[in-house]
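This report looks at how the two chains meet and at selected sheets and helices within one of them. Please keep the structure in view while reading.

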There are 2 protein chains.
Amino acid sequence: MKKGEDFSEWYNEIVEKANLTDKRYPIKGMNVWTPYGWKIMQAIDSHIREEFDATNHQEVCFPLLIPEDQFAKEKAHIKGFDSEVFWVTHAGLNPLDVKLLLRPTSETAMYPIFSLWVRSHADLPLKTYQIVNTFRYETKQTRAFIRVREIHFFESHTCHADFEDAERQVKEDYDILAVLSRKWCLPYRLLKRTEWDKFPGAFYTVGIDTLLPSGRSLQLGSIHQYMENFSKPYEIKYEDENGEHKYVHQTTFGMSERLVGAVVAIHGDDKGLVLPPDIATTQVVIVPVLAKGETEAVSKAARELFDEVKAAGIRVRLDERDVRPGVKYYDWELKGVPLRLELGKRDMEKEKVTFVRRDTGEKSLKGRGSVVQDAKAMLEVVAKDMLARARNEMDDGVATVDSLDKLPEKMIRTGWCGGEDCGHEIEARSDMDILGTPVDGEKFDGKCVICGKPTKVPIYMARAM
Amino acid sequence: MKKGEDFSEWYNEIVEKANLTDKRYPIKGMNVWTPYGWKIMQAIDSHIREEFDATNHQEVCFPLLIPEDQFAKEKAHIKGFDSEVFWVTHAGLNPLDVKLLLRPTSETAMYPIFSLWVRSHADLPLKTYQIVNTFRYETKQTRAFIRVREIHFFESHTCHADFEDAERQVKEDYDILAVLSRKWCLPYRLLKRTEWDKFPGAFYTVGIDTLLPSGRSLQLGSIHQYMENFSKPYEIKYEDENGEHKYVHQTTFGMSERLVGAVVAIHGDDKGLVLPPDIATTQVVIVPVLAKGETEAVSKAARELFDEVKAAGIRVRLDERDVRPGVKYYDWELKGVPLRLELGKRDMEKEKVTFVRRDTGEKSLKGRGSVVQDAKAMLEVVAKDMLARARNEMDDGVATVDSLDKLPEKMIRTGWCGGEDCGHEIEARSDMDILGTPVDGEKFDGKCVICGKPTKVPIYMARAM
């Protein structure tokens, strides 16, 4: 299990060994969420709920099935999804009058209803979200969490009085993402997609892209400004203060179970998962180190330690299995538990506890009296270090170039004039996708790598995972 | 909106006025969960999770789609569901090789995988559950929460070494249900279904039946003992301590969004919803009663009261809208908030707060100093009273008869010899369904209402909602 040698193989193996998912379900790309994987996904969902509730989004749940005629209303949208939806054509023993499709995303399920919910300016902004499974008939090779056909999905959908208010929403989404990414220890770049790569029906799309150790990019999610592109065909209108009827401007923000894949891929190592403390079901595992004849006192002390740490609100587990400590270390390292506390006879005599960090392997002796305080502090340090390390790796994984010859296996930063012809040529010659231009105003002083025209903004490009 | 006059009409109106669901989605029986309805459903889900986690069940999430050949393995099961499943026949632009169906329930999705998870006696008992949406092509008239085509569903699935251990699980399910029903203030009867009415593939089925004010019964869920009926076709086997290979015995427990419908139907009144305190998103609403010239002091006092109640962990809301108190009372009564606190100038002077119970309408003055304590105590009393009242109504709604002539519009308790012919004749002559015999050993000294043979157990029967 060597991450550095064959990343792809390592990823598949670790997902299976840590028992995050079961890929043996008899439909390709539709995997079973095992208890451990599902707990991790639920932790991520709970973070999302917390932030979206705090910003006055309301959780809803729309039906899975969408009638074909509703789906077909926004032309670019249906064209973008036509080849990858699942169709329900029969119910019971009879064919359906109107074919139904499994939502690949919920615009066309929600917007006919939004047109009923939005009446006046007082109904705006309408800020909703849902966490549901979506379905896409993926034809490329599937990969657990990263490319699947049933996708655990988060999607927020908002309606606004005008373009400016929708833009404010996009900014709020950036802020929410910044908070979430610290919990998940996931670095990312916000890159505005090219016209030909934006979401079908969007005015513009911002990709949330991270970089995997393999040098490939992974899109964690996306944020879209729709303007009136959907509100017109779906007739989502409101009466403004002057009695005028106007179409709403809309935004969406989507993320998926890929977040689990990214955490595995970016933080895992040759020993297994390394979970960010906020995601870890078990944040601290206590392993009593028992030698012969002294088991009782150590066991009792370990149980006391467990009670104390648990009472402090840390998600802790006491491993009292009758196996050697080495076996326990192996298991919990594989499961990615951020912090291990070892307690043996000698530690007890010195009133010490051994702390072992999962992310660095670093061991330290801490006083028994301050274990709770030290554990809390160390979990915070672990989270900060994990994010900082990942961010450095992401930044180190970028190569700035002024020619497309001999590109390294990295994310590429270069110049593009913005012209569509040059863009397509860049993609063809590099065999990469242009991810887009940074939304944070990053400075660049260069030339289009094709036509040589000067440009002030860089583009990022990569091979996608 | 008169519950006593036209229950069915009242139910439909109240669900809409309280904005629990939106039925205008363009597919019949597939409704939109609005924010308020979804919060109530999520409260119920969280209670379920709490109890099943506490009894060592593990949450999983299996795929939605089931291949036709897996579905067909248990013959009674497929026969029972054949006429009511949705079929996915195409993906993208092409027909699928193997048709896929949307789960109507998850036995046939889970059990092929259980056969991989269960290897030895050490893997048993396997106790899992999931909360997902299921799909049934309902041909009868649909009704929000009660009869829908996309069903928010809870299902636990367990595997055991032998019949006795599976029976212990059924008993544990009864215990869990008892805890949950107190939170939901829902009374019920556990009735063992007839052979012809049991779940397709089950060895036996116990229905969880309650009674609606209309005199009709509503099945809230069911608990099934499968014995080896599924483990044989799905080959779920384990090696016991002696190296012998045996089939597991299985049980399931299912409940659905009908629980929301039952809470609405049983507790609601002519003013709107009446929510059990454990389900209520807002348990206490504070309404400042402002008269001219004294608004500031009262507003400030109301905010202080709000902070205090909130800090005590009660889900509280302060209604500071600029509308008359009467409008606020109307709105929060419609929404079913269990307890309203009114605070006006005169109350303040007397250092009192007015408490108004939603379930009884009863008003009382309580000291300002003990509001938190009094509110907590009153919420507990409300919950107990709601359950007790509902239980009395359910019991009063049963008529014991020894003849099928002139049956009242109630749940009927009578004698049945247990013979299938007599059973069918009872159903035909009464135009009711036999719900079954009580599992709690309820005594009865009577005769079969058809053949006159003496019997020691009663049956319950009713018209289903």
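In what order do the five strands of the open sheet of chain B lie, and is the pairing mixed or not? In this predicted model, the order is β16-β15-β17-β18-β19 of chain B, and the pairing is mixed.

## The five-stranded sheet and its helices

At the edges of this open sheet stand β16 (316–318) and β19 (363–367) of chain B, each of which pairs on one side only. From one strand to the next the twist averages 25 degrees. The edge strand β19(B) is joined to β18 (residues 352–357) of chain B by five bridges, and these two strands run antiparallel; within this pair, Phe355(B) stands opposite Ser364(B).

Two helices pack on the sheet. Helix α8 (residues 295–311) of chain B touches β15 (284–289), β16, β17 (339–344) and β18 of chain B, and its direction makes about 165 degrees with that of β15(B). Helix α11 (residues 371–396) of chain B touches β15, β17, β18 and β19 of chain B, with a direction that makes about 15 degrees with that of β18(B).

## Another set of paired strands

Elsewhere in chain B, strand β22 (residues 433–438) pairs with strand β9 (residues 189–192) in the antiparallel sense over two bridges, and in this pairing Thr437(B) of β22(B) is the bridge partner of Lys192(B). β22(B) also pairs, again in the antiparallel sense, with strand β25 (residues 458–462) of chain B, here over three bridges; Gly436(B) stands opposite Tyr460(B) in β25(B).

## A helix with a buried side

In helix α1 (residues 7–17) of chain B, the residues Trp10(B), Tyr11(B), Ile14(B) and Val15(B) are buried. Because they cover an arc of only 125 degrees around the axis, they lie on the same side of α1(B). As a general point, an α-helix has 3.6 residues a turn, so residues three or four places apart point the same way.

The buried residues of α1(B) pack against β1 (21–22) and α7 (258–267) of chain B. Just after α1(B), the backbone at Asn19(B) takes a positive phi of about 55 degrees.

## How the two chains meet

The contact between the chains involves 39 residues of chain B and 39 residues of chain A. On the side of chain B that touches chain A, the elements that give two or more residues are β2 (32–33), α2 (35–54), β3 (58–59), β4 (65–67), β5 (86–91) and α5 (107–117) of chain B, and β5(B) gives the most, with six residues. By class, this side of chain B has 26 nonpolar, eight polar and five charged residues.

Strand β5 is also where pairing crosses from one chain to the other: five bridges join β5 (residues 86–91) of chain A to β5(B), and the two strands run antiparallel. Val88(A) stands opposite Val88(B) in β5(B).

## The relation between the copies

Chain B is superposed on chain A by a rotation of 180 degrees with 0.0 Å of shift along its axis, giving an RMSD of 0.0 Å; that is the relation of a two-fold axis. Which residue of chain B comes closest to the rotation axis? Val88(B) does, with its C-alpha at 2.1 Å, and Val88(B) is also the residue that Val88(A) stands opposite.

Of the interface residues of chain B, 100% are also interface residues in chain A, so the copies meet through the same surface.

Technical notes
Residues numbered from 1 in each chain as written. Chains lettered and ligands numbered in written order. Predicted model: local features only at pLDDT ≥ 70, side-chain atom pairs only at ≥ 80, totals over all residues. Contact = placed C-beta atoms within 7 Å. Helix = DSSP H or I, 4+ residues; strand = E, 2+ residues; numbered from the N terminus. Nonpolar A, V, L, I, M, F, W, Y, C, P; charged D, E, K, R; others polar. Pairing = 2+ DSSP bridges. Least-squares fit on C-alpha atoms with pLDDT ≥ 70 in both. Axes fitted to C-alpha atoms, helices over the stretch in contact; angles between N-to-C directions. Buried ≥ 20, exposed ≤ 12 C-beta atoms within 10 Å, placed from the backbone. Arc of directions from axis to C-beta.
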